[in-house]
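Reader: I would like a close look at one residue and the part of the chain around it. Please start with that residue and work outwards.
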Amino acid sequence: MLRNALLAACCAAAVLGSTRGDAAAKIPTYISAAVADPGRPAEDTQRDANRKPAETLQFAGIKPGDKVVELIPGHGYFTRILSKAVGPKGHVYALSPPRRPNAAPDSPDPVAATTAIAADPAYSNISVQAGPIVTIAVSEPADVVFTAQNYHDVHNVPNIDLAAFNKSIFNALKPGGLYIVVDHAAAAGSGGRDTSTLHRIDPETVKAEALAAGFVLAGQSKVLENPQDAHTATVFDPSIKGKTDQFILKFRKPKK
């Protein structure tokens, strides 16, 4: 019996090791190459260990030739990676909100970073659109709409109609297209309570809002989970910044 138990344990360990190896091998070379792009600034690559861009894009199903809408790209952490991953036959539409009317004169322009990236010939497949993030519209049906660490901020847009916002994303996608939401997790059952204070949102709230727009839930990744995060501190708190518990949700627009 002891011998059989040891054999079973060895077999289980071998299978587990194989599974881990297979998981690593599944990251396509075009995603690995996009993450390894020498054009990415050091301040971005230094964050890769925590943000896991290769695993994120793999789960998101990004592939060469895709037309991707990136909502609120910020400083462009994912913008360059998406550009290289979709390649010359693909396109990235970077949709940024304009500077707020009440913003300080010396505050950064939300569109400036992605405009600079798009001006670089190495990322010529990027188009930048500046406008209020209340409804989404692009010039061609998209394969993927992608937003990272921003959905909670959409909740904070004054007088926004979240139902209309998500429906516009649904309408911007091709049948079968994907809607990817990466964000900081709030406490279970908190809904949108912490979106403007802690900059977090309950993933169940995101699910409910996307499903109400007509999407179906196609998957949820645990790659960015951090069970040590108590969900009580703002995401900018030095004790948790860069290491928050995050979720990745994948929604699909039905083909019919």
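In which helix does Asn 166 lie?

Author: Asn 166 lies in helix H9, which covers residues 162–172. Helices here are DSSP runs of H or I with at least four residues, strands are runs of E with at least two, and both are numbered from the N terminus. Residue numbers start from 1 along each chain as its sequence is written. The model is predicted, so local features need pLDDT of at least 70, side-chain atom pairs count only at pLDDT 80 or more, totals for chains, interfaces and linings use all residues, and side-chain values use heavy atoms, leaving out hydrogens and water.

Start with the residue itself. Asn 166 counts as buried because its relative accessible area is 0%. (Buried means under 20% relative accessible area, exposed means over 50%, and partly exposed is in between, with a 1.4 Å probe and protein chains only.) The side chain of Asn 166 has a polar contact of 2.9 Å with the side chain of Tyr 179. A polar contact is a pair of N or O atoms within 3.5 Å; within protein one must be able to donate a hydrogen and the other to accept it, and residues adjacent in sequence count only if both atoms are side-chain atoms.

Tyr 179 also appears among the residues that Asn 166 touches. Leaving out residues up to four places away in sequence, the others are Tyr 151, Glu 209, Ala 213 and Phe 215. (Contact means heavy atoms within 4.5 Å.)

Now take the whole helix. Asn 166 shares its buried state with other residues of H9: Leu 162, Phe 165, Ser 168, Ile 169, Phe 170 and Ala 172 are buried too. The cover over these buried residues includes strand S1, strand S4 (142–148), helix H8, strand S5 (173–184) and helix H10 (203–212). At the start of H9, Asp 161 has a side-chain oxygen that reaches to within 3.1 Å of the backbone nitrogen of Ala 163.

S5, one of the elements covering H9, deserves its own paragraph. Of the 12 residues of S5, 10 are buried, so the rest of the structure largely encloses this strand. S5 pairs with S4 in parallel, through 6 bridges. (Two strands pair if DSSP finds at least two bridges between them.) In that pairing, Phe 146 stands opposite Ile 180 of S5. S5 also pairs with strand S7 (residues 246–252), in the antiparallel sense and over 7 bridges. There, Val 181 has Leu 249 of S7 as its bridge partner.

S1 is another element in the cover of H9, and it leads to a second pairing. S1 and S2 run parallel and are joined by 5 bridges. Leu 71 stands opposite Leu 95 in S2. Strand S2 covers residues 91–96, and 6 of its 6 residues are buried. In a regular strand the side chains alternate between the two faces of the sheet. In S2 both faces are covered: His 91, Tyr 93 and Leu 95 are buried on one side, and Val 92, Ala 94 and Ser 96 on the other.

Two of these S2 residues lead on to another helix. Thr 114 lies in helix H7, and Ala 94 and Ser 96 are among the residues it touches. Its other contacts, again not counting residues up to four places away in sequence, are Pro 73, Gly 74, Thr 79 and Val 128. Thr 114 and Thr 79 are 35 residues apart in sequence, while their C-alpha atoms are 7.5 Å apart in space. Like Asn 166, which has a relative accessible area of 0%, Thr 114 counts as buried, because its relative accessibility is 0%.

Helix H5 (residues 53–60) can be set beside H9. In H5, 6 of the 8 residues are buried, so the rest of the structure largely encloses this helix. The buried residues of H5 are Pro 53, Ala 54, Thr 56, Leu 57, Phe 59 and Ala 60. Gly 61 follows H5 and has a positive phi, near 80°.

Last, the whole chain. The chain has 10 helices and 7 strands. Of its 256 residues, 46% are buried, Asn 166 being one of the buried residues. Among contacts between residues at least 6 apart in sequence, 74% join residues at least 24 apart.
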